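Me: Could you take a close look at one part of this structure for me, and then walk me outward from there? I would like one connected account, with the cut-offs spelled out as you go.

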Amino acid sequence: MSGLSERQFALAKRWIKRQFPTLVTGVLFIVLWEVIARVIGNNRIVADIGYTVSSLQAQADTIVVRVSETFSSVIVAFILAVVLGVLLGMVVAEIYTLRQMTMPLIIFAYAVPHPVLAPMFIIWFLVGGSFTLFTFTGPSAYIFPAMTAADAQIAIGINGVSTFGAWVGFFPVFISTITGMNELEERYQHLGTVLGATRWQMVKYFRFWRALPNIASSIKSTVQLSIVGVIVAEFIASSSGIGYQIILAWKTGDLGYMFGVVLVIMLVSYTFFQLAVWTVKYVTPPGSTT
Amino acid sequence: MNNKIEQQSRTGDAESVDHTISFDSVDKVYGADAVAEESVVALQDIDLDVERGEFVSVVGPSGCGKTTLLHMAAGILDATDGSVQINGVDVQSPRHERKEVGLVFQHPVALEWRTVRKNIMLPVQILKENGAINEDMSYYEDRADELLSLVGLEGFGDSYPNELSGGMQQRVTISQSLIYNPSVLLMDEPFGSLDAMTKDELNLELLRIWRETAKTILFITHDLDEAVFLSDRVVVLSPRPGEVADVIDIDLDRPRGEDTRGSTRFVELSAELHQHFKSLQ
Amino acid sequence: MIGSAVRKLGDGITGGRFSIDDDRLTRWTLSGLGLVLLIAFWEAVTTVLSLNPKYFPGPMGVVNELIRIWPAIVAALPNTLSAALVGYLLALALSIVIAIPLVASDRILNALMPFIIGTNTVPRIAMTPLVIYWVSFYSVSMLYLANYVMAVWVAFFPMLIAAIDGFRSIDEDTENMLEVYGATTWQEFKYVRFKNGLPFIFDGMKIGFVLAMIGAVVGEFVSGTFGIGSQAASAIGRTSIARAFAIVLVLGLISTGVVLIVYLIESKMIFWRESSIMGAE
């Protein structure tokens, strides 16, 4: 390619050299998988790569639909978590009395292993009904010509699954907002005093911005936890979503499908996570410390 | 007590023909195996000899390779070309052939969870486990007490580093480097992070310790006056790639004290050094 | 009210961060008051609005339900707790043991780190049915072992990363010092890395227990083996919020208790630094 300068070429060469051990290890893992599967030989304990792939292909349309369902719940959960986390975090950071009064509750809520709360969220929405914000035809209708638009409908709504995902994802961003706002260095406080800034002005011009790096770095945890929350909720609640597909695969003893679905979940989750990380990096001004 | 220490450092090396620290046509290139544009020549053609018992300072603008020079003498970095020797032995030789050197850093390396005394004992614990030294621990425990007095930290042996000021922590670092009695001390801007008064105080302390222990010292600093005050000779390195631009003899009388800084000769030398420095930029 | 009284004593801009803040009594009083107010408010709302106690129980309703199902909880708790505790301790031991060779060899670390981080990023909990499937091959009667495995699987990776971070994060000067003394890898760990890693490991331990509990509970959710998790899941069938809530209370108290214990142990062991209850961000 004539476009590459010698420097870019050297940089690329260096990057490949650095990633080399990782690539080798990755290939080794895949080889190991196939070897173990072949050695055990019965496709009942470890599914070999061929079996996994063919199971996935056979149910590709279901998978795409379910993944879209799950990750639309994840998006709702994530947005809820971030919005509520930042807003409530700002309020609690600002009002000292409130912070002290709610501190034990916050620590308690954070310490509770979240899965035990999932039933509560699910019951509430079963009984109260969920709110569907809007529906649209998911990507599966376009990818699979055999699928009707009706089958491929995705509903973006507030239900047990997405609210629970929001609950799980809420805490990292909530706590980091509080920490960030309260870490405002003294010299900015002094500047504010000298300028006669009101409380709201201090938040708007100083404290909120001080919290942003903390919030940005906690987004990574929020994404991960939102995904975990949605999947856990799907395990016990829904018949929709990719979480349920694994349960189905287990119940029907279809190992290839189970392997495949697990792999799909991991890959999509990782991509989602990377997207969030890149977006944060993209939005962060150059030269920031985070 | 002082004579005992002095004597030990003298019997340390038999060859008095070789220079104590010797850089011979030394080059240091980073990334030498990469694309030409990516490699960095840190040091070029360094020839430097330090005699036994000398106090030599190295000064130069930021990034000129002073720390690289020191790390090479310590054996932490290897030279791309040329050889670095201490007491006639190449620094890259296997450990058991080498003599120990002391390395003092800009920031204290005292471990937070050890008392001052235990921190001073750390080097000999490691060296003894590896068979590099043979004396009893009790011998070194006595030495640790002596060193505490020597550096002015008497009574602080059982304190923790976090309880001490920056200047005191640096004294602990200096003691750490003295306990195993190396004949050579390599010091990398040891007083750089201290306030001016503490720095002056520690300068005097260092000269006193040097007088009493007769070590060979290679000292890096960005403070030109400090270099003039402390050294027998001052080596000026040019900006990257670092080369020896100048060597200035400091003919001030010893022992030097507080009034040395005000003397005419000191002012002259300092001006001369500043001049050399400016001409580098 | 109290808030304005606090504020009158202080300055609005700093949000009342003054001497009154450091008054532990005030803080504890506020916390206690907050708790009381919350419960009172909760009771008031459910009573006044005549909410269906099945779906929106008041605090009294929850307590009653707790008393009612207490025998069931006492029967179920040991199963879940043993899975969580054993899994937790196993994950802790494994994380430290595996971190050591990884930190000792940069090559292995660089090769494996992306996979460790990657596995930590993806929802490992999604593998629960697969783990149960595998355990059912080994023994159907001991299916609850799957909960133990899940507890380890979920808790292990963050704790491994914490241990690796802790063992690695020594500053460059300390590393150089160790090299100058000729310390072996084992000596590096013995004298510096282990102690240095303690704060990190304790931080990992605080989140680790909750993670192990999550693994155990979700294991029970899916496999239906008897334990707190299956009790919680059955609440859905009965649509009994009070039951779910009661279980939440019990588990929350246990978790908070364990985190507190870890915090206490940490403040005893790490005397050179201040510990925090939530751990580092």
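Reply: Happy to: I will begin with one helix and work outward to its surroundings.

Two notes on reading come first. This is a predicted model, in which local features need pLDDT of at least 70 and side-chain atom pairs count only at pLDDT 80 or more, while totals for chains, interfaces and linings use all residues. Residues are numbered from 1 along each chain as its sequence is written, with chains lettered from A and ligands numbered from 1 in the order in which they are written.

The part to look at is helix 5 of chain A, residues 118-128. Helices here are DSSP runs of H or I with at least four residues and strands are runs of E with at least two, both numbered from the N terminus. Eight of the eleven residues of this helix are buried; buried means 20 or more other C-beta atoms within 10 Å of the residue's own, exposed means 12 or fewer, and partly exposed lies in between, with C-beta atoms placed from the backbone. The buried set is A:Ala118, A:Pro119, A:Met120, A:Phe121, A:Ile122, A:Ile123, A:Trp124 and A:Phe125. After the helix comes A:Gly129, with a positive phi near 90°.

What covers the helix? Its buried residues pack against elements of two chains: helix 7 (160-182) and helix 9 (199-236) of chain A, and helix 9 and helix 10 of chain C. Contact here means that two C-beta atoms, placed from the backbone, lie within 7 Å.

Stepping back to the whole of chain A, there are eleven helices and two strands, in the order α-α-α-α-α-β-α-β-α-α-α-α-α from the N terminus. The C-alpha trace spans about 75 × 65 × 35 Å along its principal axes, and 42% of the 290 residues of chain A count as buried. Of the contacts in chain A between residues at least 6 apart in sequence, 78% join residues at least 24 apart.

Now cross over to the other chain. In all, 59 residues of chain C are in contact with 55 residues of chain A. Helix 1 (2-8), helix 2 (24-48), helix 4 (106-121), helix 5 (128-138), helix 8 (185-223), helix 9 (228-237) and helix 10 (241-269) of chain C each give at least two residues to the side that touches chain A. Helix 10 of chain C, already met above as a packing partner, gives the largest share of that side, ten residues. By class, the side of chain C that touches chain A has 41 nonpolar, 15 polar and three charged residues, where Ala, Val, Leu, Ile, Met, Phe, Trp, Tyr, Cys and Pro count as nonpolar, Asp, Glu, Lys and Arg as charged, and the others, Gly among them, as polar.

Chain C itself is split into domain 1 (2-48) and domain 2 (59-269), with bounds taken from an automatic or database domain assignment. The C-alpha centres of these two domains of chain C lie 34 Å apart.

From the interface, let us turn to the nonpolar cores. A nonpolar core is a set of buried Ala, Val, Leu, Ile, Met, Phe, Trp, Tyr and Cys residues joined through C-beta atoms within 7 Å. The largest one holds 142 residues, of which C:Ala151 and C:Ala212 touch the most other members. Helix 6 (residues 145-168) of chain C brings the largest share of this core, 18 residues. Beyond its neighbours within four places in sequence, C:Ala212 is in contact with C:Ala84, C:Gly87, C:Tyr88, C:Ala91, C:Ala151, C:Val154 and C:Ala155. Apart from this core lies another, of 79 residues, including B:Val172, B:Val236, B:Leu273 and C:Tyr181.

That second core leads us into chain B. There, six strands form an open sheet of mixed pairing in the order 6-7-8-3-9-10, with strands counted as paired if DSSP finds at least two bridges between them. Strand 6 (101-104) and strand 10 (244-249) of chain B are at the edges, each with a single partner strand, so one side of each has no neighbour in the sheet. Strand 3 (residues 55-59) and strand 9 (residues 233-237) of chain B run parallel and are joined by four bridges; B:Val58 has B:Val235 as its bridge partner in strand 9 of chain B.
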